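Here are some notes to read alongside the model, for someone meeting it without any background. They go from the overall layout to a few individual residues.

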Amino acid sequence: MPESALPASETATTDPEVRDRIRRGIEEVLPRVLGVPLADVPENACFFDDYGLTSSGIVELVLDIEETLAIQVDVEYLAIDDIRTVDRLTDYVVGHHTDED
């Protein structure tokens, strides 16, 4: 994966309501993907270093986020930097999703 396909300013929106919804979705889905309960999910937590997720775990996480939130995430521009931390994935999903109808 490329280090960064798009600058962060192009991937994130400023709508706090949407960002909060997606952040809560990640907090809900992550423990299921990991198979362990989590008391807290810090925004700067690294999926690889802190949670030991692999690339297949990230794929599962994104698919579960889509299902839980009834959205579709455009992964065409998804880069490794976009999935390093909870905060970065939140920003990416906010900027690259559409609601399912």
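**Notes on the fold and a few residues**

1. First, a caution: this is a predicted model. The protein chain has four helices and two strands. Reading from the N terminus, the order of elements is α-α-α-β-α-β.

2. Some overall figures for the protein chain come next. Of its 101 residues, 42% are buried. About 5700 Å² of the chain is exposed, and carbon and sulfur atoms supply 48% of that area. If you take the contacts between residues at least 6 apart in sequence, 66% of them join residues at least 24 apart.

3. Now to the helices. Two packed helices are described by the angle between their axes and the distance between the axes. For α2 (residues 16-34) and α3 (residues 55-69), the angle is about 125° and the axes are 9 Å apart. That angle makes α2 oblique to α3, and α2 passes α3 in a right-handed crossing.

4. Who meets whom between α2 and α3? On the α2 side you'll find Arg21, Ile22, Gly25, Ile26, Glu28, Val29, Leu30, Arg32 and Val33, and they meet Gly57, Glu60, Leu61, Asp64, Ile65, Thr68 and Leu69 of α3. Sorted by class, this contact of α2 with α3 comes to eight nonpolar, three polar and five charged residues.

5. Helix α2 also packs against α4, at an angle of about 125° and with the axes 9 Å apart. These two helices are therefore oblique to each other, and α2 passes α4 in a right-handed crossing. From α2 the contact uses Val18, Arg19, Ile22, Arg23 and Ile26, while α4 brings Val86, Asp87, Leu89, Thr90, Asp91, Val93 and Val94. The residues in the contact of α2 with α4 divide into seven nonpolar, one polar and four charged.

6. How many residues of α4 are buried? Seven of its ten are, so α4 is largely enclosed by the rest of the structure. The buried ones are Val86, Leu89, Thr90, Asp91, Tyr92, Val93 and Val94.

7. Ile65 is worth a click. This residue is found in helix α3, and with a relative accessibility of 1% it counts as buried, because the cut-off for that is under 20%. Setting aside residues up to four places away in sequence, Ile65 touches Ile26, Val29, Ala70, Ile71 and Leu89. The C-alpha atoms of Ile65 and Val29 are separated by 6.4 Å, although the two residues are 36 apart along the chain.

8. Ala70 deserves a second look. Most residues other than glycine have a negative phi. Ala70 is not a glycine, yet its phi is positive, at about 55°. You'll find Ala70 in the loop between α3 and β1, where it is partly exposed, with a relative accessible area of 34%.

9. Asp99 sits in strand β2 (residues 97-99). Is Asp99 buried or exposed? Its relative accessibility is 48%, so Asp99 counts as partly exposed. Not counting neighbours within four places in sequence, Asp99 is in contact with Arg21, Ala70 and Ile71. From Asp99 to Ile71 the C-alpha separation is 4.4 Å, with their positions 28 residues apart along the chain.

10. Leu38 belongs to the loop between α2 and α3. With a relative accessible area of 27%, Leu38 is partly exposed. Leaving out neighbours within four places in sequence, Leu38 is in contact with Leu30, Pro31 and Tyr51. Leu38 and Glu28 are ten residues apart in sequence, and their C-alpha atoms are 9.4 Å apart in space.

11. Last, have a look at Glu76, in the loop between β1 (71-73) and α4 (86-95). Glu76 has a relative accessible area of 59%, so it counts as exposed, the cut-off being over 50%. The C-alpha atoms of Glu76 and His96 are separated by 9.2 Å, and the two residues are 20 apart along the chain.

Conventions: Residues are numbered from 1 along each chain as its sequence is written. This is a predicted model: local features need pLDDT of at least 70, side-chain atom pairs count only at pLDDT 80 or more; totals for chains, interfaces and linings use all residues. Side-chain values use heavy atoms; hydrogens and water are left out. Buried means under 20% relative accessible area, exposed over 50%, partly exposed in between (1.4 Å probe, protein chains only). Axes are lines fitted to C-alpha atoms, for helices over the stretch in contact, and angles run from 0 to 180 degrees between N-to-C directions. Angles under 35 degrees count as roughly parallel, over 145 as roughly antiparallel, 65 to 115 as roughly perpendicular and the rest as oblique. A crossing is left-handed if the near helix is turned anticlockwise from the far one by less than a right angle, and right-handed if clockwise. Contact means heavy atoms within 4.5 Å. Ala, Val, Leu, Ile, Met, Phe, Trp, Tyr, Cys and Pro count as nonpolar, Asp, Glu, Lys and Arg as charged, and the others, Gly among them, as polar. Accessible areas come from the Shrake-Rupley method with a 1.4 Å probe; for residues, only the protein chains shown count as cover.
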